[in-house]
Amino acid sequence: MPLSPAGTAVFQGAARILSGLLEARTGQILSEGRAWRMETALRPVLRVHGLQTIDDLAAQLLRKQDPRLDEDVVNALLNNESSFFRDLQIFDMIHRQILPRIQEERGERTLRIWSAGCSTGQEAYSLAIRLCNDAERWQGWRIEILATDISTAAIEQARSGIFSQMDVQRGLAVGDLIKWFEPHGEDWRANSVLRRMIDFRRDNLFDARAPSGEYDLLLCRNVLLYFTPARRGDVLQLLARHSHAGSVLLLGAGETVIGQGDDFLPHPDFRGGYAPKALASDRAGRPVRRAG
Ligand SMILES: C[S@@+](CC[C@H](N)C(=O)[O-])C[C@H]1O[C@@H](n2cnc3c(N)ncnc32)[C@H](O)[C@@H]1O
């Protein structure tokens with residue numbers, strides 16, 4: 001299938017239209033590295049919509065005749081990279097330190113977790129696996145895991161619970177695979193216990209409808225990276241609105257709240273975690289200290 005050669009004026013014009021669509025819909029800015037992979041990412045979209053080149057695709061988008069085309073382009077350009085137990089030490093900290101603290105401080109026996117920008121669900125399933133492996137500790141607790149993402153394709157996959165052999169080999173221990181997944185043709189499917197624990201919903205962080213109320217643990221990892229600083233601030237504000245004094249926010253390894261408004265502070269007790277600032281100062285008997 002002939003594509004407009006990358007680097008030509010036609011390609012660059014089309015690329016601008018496509019990356020403009022991505023930014024308008026999701027807030028994500030295409031990094032140079034991802035812009036180079038645009039052609040490969042869009043190849044299946046061209047095929048499905050019977051188009052020949054990136055230029056044809058851009059022209060078709062401008063005609064605004066097919067909303068599904070917009071959605072397919074946005075889904076294809078989003079970076080959905082994820083894996084089970086990504087950054088294992090974070091999951092260890094959640095398991096050994098954060099969840100026990102939340103359990104200790106929580107007045108009612110309800111644990112609420114929000115995985116914002118959950119992609120195909122590995123993060124939420126990893127949390128569910130750890131909680132299930134620790135079932136005795138959580139006996140009598142109501143556990144709610146909300147997992148949201150803007151990508152309809154990613155959310156569909158997450159909800160199905162189906163993962164390829166390659167996906168499960170990235171981060172999932174063999175014991176957990178055998179215990180919590182079932183063979184599904186050549187793939188694996190999370191069993192119904194895990195699937196029932198997670199509420200997967202399509203949701204745009206800039207048009208958030210899905211979350212309601214406050215969450216004890218909020219994860220928004222590897223999502224802020226491609227937003228402008230102003231948009232990062234907006235997302236942190238949203239996360240703060242769904243936090244309480246004892247909530248913990250976790251971001252990706254390359255992300256920080258520093259310089260992005262004052263909704264969160266580095267958590268005094270959990271390295272790499274963040275505490276809501278306005279609310280944290282109300283925390284009775286627990287002065288908020290900057291990590292450091
Ligand atoms: C790189 S993945 C990270 C997945 C997971 N949090 C992890 O760390 O493994 C980033 C996800 O953010 C989602 N995303 C990007 N912009 C978004 C927005 N405006 N609202 C909701 N999700 C968004 C993308 O669709 C993608 O699935």
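A residue counts as exposed if 12 or fewer other C-beta atoms lie within 10 Å of its own C-beta atom. Keep that cut-off in mind for the first view of this predicted model.

**View 1. G259 sits in a loop, out in the open.**
Here we zoom in on G259, which you'll find in the loop between β8 and β9. Why is G259 called exposed? Just 8 other C-beta atoms lie within 10 Å of its own, and 12 or fewer is what it takes to be exposed, so G259 makes the cut. Look for R232 too: G259 and R232 are 27 residues apart in sequence, and their C-alpha atoms are 9.9 Å apart in space.

**View 2. Seven strands make up an open, mixed sheet.**
Trace the strands across the sheet and you get the order β6-β2-β1-β7-β8-β10-β9. At the edges are β6 (198-202) and β9 (264-266), each with a pairing partner on one side only. On average, neighbouring strands are turned by 25 degrees against each other, if you ignore direction. A bit of background helps here: strands in a sheet pair through backbone hydrogen bonds, in either a parallel or an antiparallel way.

**View 3. β8 and β10 run antiparallel.**
Now for one pair from that sheet. Strand β8 covers residues 243-251 and strand β10 covers residues 273-276, and two bridges join them. Spot L249, then look across to β10: the residue standing opposite is Y274.

**View 4. Helices α7 and α8 meet the sheet.**
Helix α7 (residues 122-133) packs on the sheet and touches β1 (110-116), β2 (142-149), β6 and β7 (215-220). Compare directions and you'll see that α7 makes about 165 degrees with β2. Helix α8 (residues 152-160) lies across β2 and β6, and runs at about 160 degrees to β6.

**View 5. Two domains touch each other.**
The domain assignment splits out domain 1 (9-77) and domain 2 (88-280). Their C-alpha centres lie 29 Å apart. How many residues of each domain are in contact with the other? For domain 1 it's seven, and they meet 10 residues of domain 2. On the domain 1 side, the touching residues are one nonpolar, five polar and one charged.

**View 6. The ligand has 24 residues around it.**
Which residues come closest to the ligand? They are S82, G117, S119, I150 and L205. Sort the whole shell by class and you get seven nonpolar, 12 polar and five charged residues. Both domains chip in: domain 1 (9-77) and domain 2 (88-280) each supply at least three residues of the shell.

Key:
Residues numbered from 1 in each chain as written. Predicted model: local features only at pLDDT ≥ 70, side-chain atom pairs only at ≥ 80, totals over all residues. Near = placed C-beta within 6 Å. Nonpolar A, V, L, I, M, F, W, Y, C, P; charged D, E, K, R; others polar. Domains from an automatic or database assignment. Pairing = 2+ DSSP bridges. Helix = DSSP H or I, 4+ residues; strand = E, 2+ residues; numbered from the N terminus. Axes fitted to C-alpha atoms, helices over the stretch in contact; angles between N-to-C directions. Buried ≥ 20, exposed ≤ 12 C-beta atoms within 10 Å, placed from the backbone.
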